[in-house]
Protein chains: 2
Amino acid sequence: MVMCMTPSPAPRTSREAGLRVDAERNRQRIVTAAREVFAESGLEVPIEDIAKRAGVGVGTLYRRYPTRGELIAAAFEDKMTAYAEATRQALAEPDPWQGFCGYVEKICAMQAGDRGFTTVLTMTFPMAKRFEADRDQAFADFKVLVERAKAAGKLRADFVTEDMPMFLMANAGVLTATGDAAPDTWRRLVGYLIQACAAQAAQPLPDPPAPRQLYKAMLRATWQQRERRARKEK
Amino acid sequence: MVMCMTPSPAPRTSREAGLRVDAERNRQRIVTAAREVFAESGLEVPIEDIAKRAGVGVGTLYRRYPTRGELIAAAFEDKMTAYAEATRQALAEPDPWQGFCGYVEKICAMQAGDRGFTTVLTMTFPMAKRFEADRDQAFADFKVLVERAKAAGKLRADFVTEDMPMFLMANAGVLTATGDAAPDTWRRLVGYLIQACAAQAAQPLPDPPAPRQLYKAMLRATWQQRERRARKEK
DNA sequence: GAGGAACTGGAGGATGTCGTCCACTTGCGT
DNA sequence: ACGCAAGTGGACGACATCCTCCAGTTCCTC
């Protein structure tokens with residue numbers, strides 16, 4: 001009876017899902033460490049490196065984030081939001097063409113600044129709800145951005161929204177190939193791509209992939225849960 | 001004294017470096033198997049998979065090709081020659097612009113057709129002599145191809161030869177990201193890139209990487225001998 | 001301040017890959 | 001025919017990474 005009266009109905013402020021304070025502190029450390037390590041070394045680093053950086057045991061990390069996918073989602077939630085926001089901002093830009101170009105550059109720059117994010121952007125994580133929400137939002141806004149730029153007569157009419165992920169894949173290719181050795185090369189690629197998007201340059205293009213195909217491609221190798229299944233046959 | 005008179009001074013025909021015939025047969029099988037497996041699964045497949053496909057023990061494979069790099073070089077020697085030849089053929093094309101475009105498409109198509117070659121083309125293997133000769137030849141011819149297309153007023157003046165490897169890196173990005181799920185997407189990327197190369201479309205571009213930088217980038221992770229050195233520090 | 005639930009770290013079994021080593025086999029010269 | 005150098009295959013030790021499991025610790029509640 002009295003239990004409802006305890007003076008602690010509000011205090012559960014910053015605890016995520018009722019974690020004990022020490023546990024929550026560790027969770028934070030883990031996410032921070034993951035962000036750093038992923039940014040430096042990509043999504044494939046050994047989990048133990050992250051645990052070490054966070055100063056916790058692997059057991060702790062695994063209990064909180066049982067799969068790599070979940071950890072990735074947690075680590076990049078913020079960046080995904082920033083990503084969605086960038087799209088919104090691009091829409092705020094008065095000049096439609098400027099908005100479009102600025103957007104492409106900006107997103108590619110985000111890729112360039114974080115080795116893990118490079119991959120995340122060309123991949124899909126069905127499990128991560130908030131994550132996907134941001135992505136969907138961004139995609140919807142991007143659609144408008146594209147229409148606007150086409151209407152202004154600046155963006156070629158045969159540009160499709162699927163071209164953007166394709167550009168990101170291309171950019172990812174340059175980024176991974178050049179690494180630290182030639183870290184600004186991507187800018188030039190993006191320069192080429194943007195100029196190719198100009199309506200004035202337009203010549204016919206090969207067909208884009210069906211959206212469904214591209215989605216499937218982005219799903220490939222999607223660190224989900226208990227992955228690693230596929231293998232061994234013959 | 002008589003030994004010089006033995007009736008077998010010529011017969012050493014197809015033996016490579018005086019291998020015993022059975023050994024040479026195995027060598028062939030290994031190279032063939034490597035070609036197949038690399039094409040299907042990329043350069044990072046376990047060596048044992050190749051040995052298995054070739055029907056030989058790993059020991060045999062390792063004796064003949066002690067490092068992955070050497071095996072890769074042997075497996076792709078032919079393709080590298082074909083690559084060099086493609087450049088030559090592009091020069092034979094009477095229309096300079098046609099020659100240039102056809103070349104870019106062709107090389108990118110070669111990448112698309114072989115998962116291993118995708119990587120090989122954006123990488124450098126200092127150890128593989130014949131290999132490098134082809135690459136150098138191709139590069140020299142490409143230079144001419146570019147000049148010719150520029151002179152014809154079709155190729156933008158600020159195109160530099162380093163842009164080609166950059167395109168290949170971008171293409172590689174799309175190829176690896178799309179895989180079998182959307183296997184024609186690369187064509188569209190190449191369409192964009194080529195149109196961006198047209199002189200008429202030209203707007204200023206960010207600077208290209210210094211040749212030396214790019215070279216360094218292509219050298220990264222270059223399955224050389226006794227690689228794996230770098231690691232462990234902190 | 002005591003009891004128990006929540007949480008912790010890291011040892012350790014499982015798996016996959018590498019590259020070596022060596023007892024056995026085989027082609028080839030005589 | 002024979003002998004041996006050349007060649008062979010695959011077991012094996014080393015290592016990296018994964019993920020689980022649990023004895024011990026820490027926080028929270030009453």
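Reader: How is chain A divided into domains?

Author: In this predicted model, chain A consists of domain 1, covering residues 18-66, and domain 2, covering residues 77-219.

Reader: What distance separates the centres of the two domains of chain A?

Author: Taken over C-alpha atoms, the centres of domain 1 and domain 2 of chain A are 29 Å apart.

Reader: And how many residues does each domain give to the contact?

Author: Domain 1 of chain A contributes six residues, and domain 2 of chain A contributes four residues. On the side of domain 1 that touches domain 2, there are three nonpolar residues, two polar residues and one charged residue.

Reader: Let us turn to the DNA. Which residues come nearest to DNA strand C?

Author: There are 26 residues around DNA strand C, and the nearest of them are V56(A), G57(A), G59(A), T60(A) and G59(B).

Reader: Which helices supply at least two residues each to that surface?

Author: From chain A they are α1 (21-41) and α3 (58-64). From chain B they are α1 (21-41), α2 (47-54) and α3 (58-64).

Reader: Which of them gives the most?

Author: The helix that gives the most to the surface near DNA strand C is α3(A), with four residues.

Reader: How do the residues near strand C divide by class?

Author: The surface near DNA strand C has 10 nonpolar, six polar and 10 charged residues.

Reader: What about DNA strand D: which residues come nearest there?

Author: Around DNA strand D there are 24 residues, of which P46(A), G59(A), V56(B), G57(B) and G59(B) come nearest. For this strand, α3(B) gives the most to the surface, with four residues.

Reader: Which helices supply at least two residues each near strand D?

Author: Chain A does so through α1, α2 (47-54) and α3, and chain B through α1 and α3. By class, the surface near DNA strand D holds 10 nonpolar, seven polar and seven charged residues.

Reader: Changing topic, how many residues does each chain give to the contact between chains A and B?

Author: Chain A gives 37 residues to this contact and chain B gives 36. On the chain A side, α8 (163-178), α9 (185-197) and α10 (211-219) each supply at least two residues. The side of chain A that touches chain B is made up of 20 nonpolar, 11 polar and six charged residues.

Reader: Now for the packing inside a chain. At what angle do α5 and α9 of chain B pack?

Author: Helix α5 (residues 96-112) and helix α9 (residues 185-197) of chain B pack at an angle of about 155°, and their axes are 11 Å apart. Because angles over 145 degrees count as roughly antiparallel, α5(B) is described as roughly antiparallel to α9(B).

Reader: Is that crossing left-handed or right-handed?

Author: The crossing of α5(B) and α9(B) is right-handed.

Reader: Which residues make the contact?

Author: Helix α5(B) uses C101(B), V104(B), E105(B), C108(B) and A112(B), while α9(B) uses W186(B), V190(B) and I194(B). In this contact seven residues are nonpolar, none is polar and one is charged.

Reader: At what angle do the axes of α5 and α9 cross in chain A?

Author: In chain A, the axes of α5 (residues 96-112) and α9 cross at roughly 155° and come within 11 Å. The angle therefore makes α5(A) roughly antiparallel to α9(A). Their crossing is right-handed.

Reader: Which residues of chain A make that contact?

Author: C101(A), V104(A), E105(A), C108(A) and A112(A) come from α5(A), and W186(A), V190(A) and I194(A) come from α9(A). The contact of α5(A) with α9(A) has seven nonpolar residues, no polar residues and one charged residue.

Terms used. Residues numbered from 1 in each chain as written. Chains lettered and ligands numbered in written order. Predicted model: local features only at pLDDT ≥ 70, side-chain atom pairs only at ≥ 80, totals over all residues. Near = placed C-beta within 6 Å. Nonpolar A, V, L, I, M, F, W, Y, C, P; charged D, E, K, R; others polar. Domains from an automatic or database assignment. Contact = placed C-beta atoms within 7 Å. Axes fitted to C-alpha atoms, helices over the stretch in contact; angles between N-to-C directions. Parallel < 35°, antiparallel > 145°, perpendicular 65-115°, else oblique. Left-handed = near helix turned anticlockwise from the far one by under 90°.
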